[in-house]
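Colleague: I'm new to reading models like this one, and I'd love a close look at a single part. Could you take me through the helix that gives the most to the main nonpolar core, and show me what sits around it?

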Amino acid sequence: MSAQSTNPEHRDFTIRSVKTIAASERTGVADTLLGMALTFVAGAINAGGFLAIGQYTSHMSGIISAMADNMALGSVGLVGLGLAAFLPFVLGAACSAMLINWGRRHHLGSRYAMPLMLEAFLLLAFGLLGWLAHPSPGFVAIAVPLLCFIMGLQNATVTKISGARMRTTHVTGIVTDIGIELGKLLYWNRNPHNPDRVLADRDKLRLLVLLFASFFIGGVIGAIGFSQIGFLFSLPLALLLLLLAGPPLAEDAAALTRRMTKS
């Protein structure tokens, strides 16, 4: 065993690093780790959810385009199905903003952990309901809005945490930004001393590539997991979110208990 792994200070640093991933005090490392974790979960839910219920639940561009097509064709029922996906996504994003702003107003360190905890419980509900009720038509009617709500909740949460630098479900934006930074990276500056020369943001490019890879890997693992295990594969995804959200919520609960004891 290496000396580093037995060093108490090193172990303490690792524990504190894990605890700060979803904490209110943000660092670049914490943002990157949280973004990768949530993008992985989003990819797994999106790809695995398609195999489970036959519909992608984070692709709002495709859903809105399908609604427009169906409206033009007079397929009002299909437009309604599109709304049943679009509106929960918006409501999920709104719910995230409400939870985070409520936590900020009350000076809670778990302001960002609360929507993650809610997402974890909703994923647990999805997995258990799917295990018990699939393939009933009623379950699919519930599952699509539920997963869209989860996707909106998660995307808004990481957007708020990162100051709109990251998205977890909006891969189109991630790929577009990768292309922009690659274009700047490959741009030939005739005068390398020109203060207005084109320079790529290498840190941003690295982050975008990590998010893209996390979404893709999550999609592969999610597709395999849901096809082999079924709806119960959502349980380890929920557990990952619980592990991220748990430390800040536990610290706030402990602080509340101390205040109540003193009073």
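Modeller: Here is a walk through that helix, starting with the whole chain and then moving in.

Keep in mind that this is a predicted model, not an experimental one. The protein chain has 263 residues, and 40% of them are buried. Its secondary structure is quick to describe, with ten helices and zero strands. Reading along the sequence, you just get α-α-α-α-α-α-α-α-α-α. The C-alpha atoms fill a box of roughly 70 × 60 × 45 Å along the principal axes. If you take contacts between residues at least 6 apart in sequence, 72% of them join residues at least 24 apart. As for the outside, the accessible surface comes to about 14,400 Å², and 68% of that belongs to carbon and sulfur atoms.

Now for the core. The largest nonpolar core has 53 residues, and among those with the most contacts inside it are Leu34, Ile45, Leu123 and Ile150. Several helices feed into this core with at least two residues each, including H3 (28-53), H6 (113-133), H7 (137-162) and H10 (234-262). The helix you asked for is H7, which gives the most to this core, with ten residues.

What does H7 look like on its own? It has 26 residues and reaches 38 Å from its first C-alpha to its last, close to the 38 Å expected at 1.5 Å a residue. Right after H7 comes Gly163, with a positive phi near 65°.

Let's start inside H7 with Ile150, one of the residues with the most contacts in the core. Setting aside residues up to four places away in sequence, Ile150 touches Ile45, Glu119, Leu122 and Leu123. Two of those names, Ile45 and Leu123, you have already met in the list of residues with the most contacts inside the core.

Glu119 is worth a stop of its own. This residue sits in helix H6. Is Glu119 buried or exposed? Glu119 is buried, because its relative accessible area is 0%, and the cut-off for buried is under 20%. Beyond its sequence neighbours up to four places away, Glu119 touches Val41, Ile45, Ile150, Leu153, Gln154 and Leu241. So if you click on Glu119 in the viewer, you can pick out Ile150 again among its contacts, since contact here means heavy atoms within 4.5 Å.

From there, hop over to Leu38, which lies in helix H3. Leu38 counts as buried too, at 0% relative accessibility. Its contacts, again without residues up to four places away, are Leu116, Gln154, Val158, Thr168 and Leu241. Notice that Gln154 and Leu241 turn up in the contacts of Leu38 and also in those of Glu119. For a sense of scale, the C-alpha atoms of Leu38 and Leu124 are 86 residues apart along the chain and separated by 16 Å.

Back to H7, where you'll also find Cys148. This cysteine is buried, with a relative accessible area of 0%. Leaving aside neighbours within four places in sequence, Cys148 is in contact with Thr57, Met60, Ala85, Pro88 and Phe89. If you want another distance to check in the viewer, Cys148 and Gly173 are 25 residues apart in sequence and 18 Å apart in space, C-alpha to C-alpha.

A cysteine always raises the disulfide question. A disulfide is a covalent bond between the sulfur atoms of two cysteines. How many disulfides does the count come to here? It comes to zero. Cys95 is in no disulfide, because the nearest cysteine sulfur, that of Cys148, is 15 Å away, while a disulfide needs the two sulfur atoms within 2.5 Å. Seen from the other side, Cys148 is in no disulfide either, with the sulfur of Cys95 as its nearest at 15 Å. Cys95 is also buried, with a relative accessible area of 18%.

One last stop, in the loop between H5 and H6, where you'll find Arg111. Arg111 is buried, at 16% relative accessible area. Its side chain reaches the backbone oxygen of Leu108 at 2.9 Å. Leaving out neighbours within four places in sequence, Arg111 is in contact with Ser24, Leu99, Ile100, Gly103 and Arg104. His107 has its place in that loop between H5 and H6 as well, but His107 is exposed, with a relative accessible area of 70%. The phi of His107 is near 55°, a positive value in a residue other than glycine.

How values were computed:
Residues are numbered from 1 along each chain as its sequence is written. This is a predicted model: local features need pLDDT of at least 70, side-chain atom pairs count only at pLDDT 80 or more; totals for chains, interfaces and linings use all residues. Side-chain values use heavy atoms; hydrogens and water are left out. A nonpolar core is a set of buried Ala, Val, Leu, Ile, Met, Phe, Trp, Tyr and Cys residues joined through side-chain atoms within 4.5 Å. Buried means under 20% relative accessible area, exposed over 50%, partly exposed in between (1.4 Å probe, protein chains only). Helices (H or I, at least four residues) and strands (E, at least two) are DSSP runs, numbered from the N terminus. A polar contact is a pair of N or O atoms within 3.5 Å; within protein, one must be able to donate a hydrogen and the other to accept it, and residues adjacent in sequence count only if both atoms are side-chain atoms. The expected span of a helix is 1.5 Å times one less than its number of residues. Accessible areas come from the Shrake-Rupley method with a 1.4 Å probe; for residues, only the protein chains shown count as cover.
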